[in-house]
Amino acid sequence: MFRFEHVYQGVLQDINFTIEKQDKVILFGPSGAGKSTLLFLLNRLNDPDQGDIYFNGKPIEEHSITALRKQVGLVLQAPNLFPGTVLDNIKYGPSLFGDWEEQQGKKLLDYVQLPSDYLERDVDQLSGGEKQRVSLARTLANSPEVLLLDEPTSALDYRTAEEIEEVLECLMEEHKLTMLMVTHNLNQARRLGNRGLFISDGQIVEDGKIPDMLDHPKTEELGKFLEQ
């Protein structure tokens, strides 16, 4: 799926790892450690200053950016919806490829647990949690293989964040998605991830199974981070 070889970009130094299909990877560590920078390399919002990234066995720069972003969807902390209706937003990506079919709208809202009459609603009328669901539906409309999530629930209240988590769990299960998620919430990491990359000062300090890393850190850096 993804392979990083000696990648440098901004704060990131000599990053090496492989992501397999259906991995659920949590990127965590102190603020400014390079987590989002790393996430954005996976769909070419950033390109490496040095080193190689491979996606499905091919150098990432050999994939067209549009095709890559269709396969590798990104959901940000702030939903960033376009002005217009929910339908305008979710059909945007597939329409670029001539892939949109009208019945998809209801199905996509089903996936993110919103009623189908929301299709005609203006996005300005939606709550924060509803906007994040629409943002997820818009990403899913492209049938991605990989979901990149940059703190998708950090701007939401606890109850809404829990609901979004449930939606994410169902989606990953149903669509057999590969996920990479940046989060500061270690309980969320435990609930949603099966593998962790602990990043500090631009380097991967530990790479392992989430419960083991959180319960039995192998390095002093991770131990100190977990005590904070």
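These questions and answers go through some contacts, a surface patch and two pockets in a predicted model.

Reader: Why is the contact between Lys-70 and Asp-99 called a salt bridge?

Author: The rule asks for a side-chain nitrogen of Lys or Arg within 4 Å of a carboxyl oxygen of Asp or Glu. The side chains of Lys-70 and Asp-99 meet at 3.5 Å, N to O, so the pair passes.

Reader: What makes this pair a tie between parts apart in sequence?

Author: Lys-70 belongs to helix α2 (residues 65–71), while Asp-99 sits in the loop between α3 and α4 (104–111), so the bridge ties together parts that are 29 residues apart in sequence.

Reader: Is Lys-70 buried, partly exposed or exposed, and how do you know?

Author: Buried means under 20% relative accessible area and exposed means over 50%, with partly exposed in between. Lys-70 has 22%, so the label is partly exposed. Asp-99, at 36%, is partly exposed because that value also falls between the two cut-offs.

Reader: How many salt bridges are there by this rule?

Author: The count comes to 14.

Reader: How do you know that Glu-163 forms a salt bridge with Arg-133?

Author: Their closest N and O atoms are 2.9 Å apart. The limit is 4 Å, so the contact counts. Glu-163 lies in helix α6 (residues 158–175) and Arg-133 in helix α5 (residues 128–140), so this bridge ties together parts that are 30 residues apart in sequence.

Reader: Which of these two residues is called buried, and why?

Author: Arg-133 is called buried because its relative accessible area is 7%, and the cut-off is under 20%. Glu-163 has 24%, so it is called partly exposed.

Reader: What other salt bridge does Glu-163 make, and where does the partner lie?

Author: Glu-163 also meets Arg-159, at 3.6 Å, N to O. Both residues lie in helix α6, four residues apart, which is about one turn of the helix. Arg-159 has a relative accessible area of 49%, so it is partly exposed, the cut-off for exposed being over 50%.

Reader: What makes Arg-133, Arg-159, Glu-162 and Glu-163 one network?

Author: Salt bridges that share partners join these four residues.

Reader: What makes the nonpolar surface patch, and why can Phe-82 belong to a patch?

Author: The patch, about 390 Å², is made by Phe-82, Tyr-92, Leu-96 and Phe-97. A patch residue needs over 30% relative accessible area and no salt bridge. Phe-82 has 34%, so it passes the area cut-off, though it is still only partly exposed. Phe-82 is found in the loop between β6 (72–75) and α3 (86–96).

Reader: What lines the largest pocket?

Author: The largest pocket has a volume of about 580 Å³ and is lined by 23 residues. Nearest its centre lie Arg-69, Leu-74, Arg-138, Thr-139 and Asn-142. The elements giving two or more residues to this lining are α2, β6, α3 and α5. By class, the lining has twelve nonpolar, eight polar and three charged residues.

Reader: Which residues of the second largest pocket count as charged, and how do you know?

Author: Asp, Glu, Lys and Arg count as charged, so Glu-101 and Lys-107 in this lining qualify. The lining divides into six nonpolar, four polar and two charged residues. His-175 is polar because His is not among the types listed as nonpolar or charged. The second largest pocket holds about 200 Å³ of space, and the largest share of its lining, four residues, comes from α4.

Methods:
Residues are numbered from 1 along each chain as its sequence is written. This is a predicted model: local features need pLDDT of at least 70, side-chain atom pairs count only at pLDDT 80 or more; totals for chains, interfaces and linings use all residues. Side-chain values use heavy atoms; hydrogens and water are left out. Patches are made of residues with over 30% relative accessible area and no salt bridge: like charges are joined within 9 Å, nonpolar side chains (Val, Leu, Ile, Met, Phe, Trp, Tyr) within 5 Å. Accessible areas come from the Shrake-Rupley method with a 1.4 Å probe; for residues, only the protein chains shown count as cover. Buried means under 20% relative accessible area, exposed over 50%, partly exposed in between (1.4 Å probe, protein chains only). On a 1 Å grid over the protein atoms alone, a cavity is a set of points where a 1.4 Å probe fits but cannot get out, and a pocket is an open set with protein on both sides within 12 Å along at least five of seven lines; lining residues have an atom within 4 Å of a point. Grid points are joined across faces, edges and corners, and a volume is the space filled by probe spheres set on the points.
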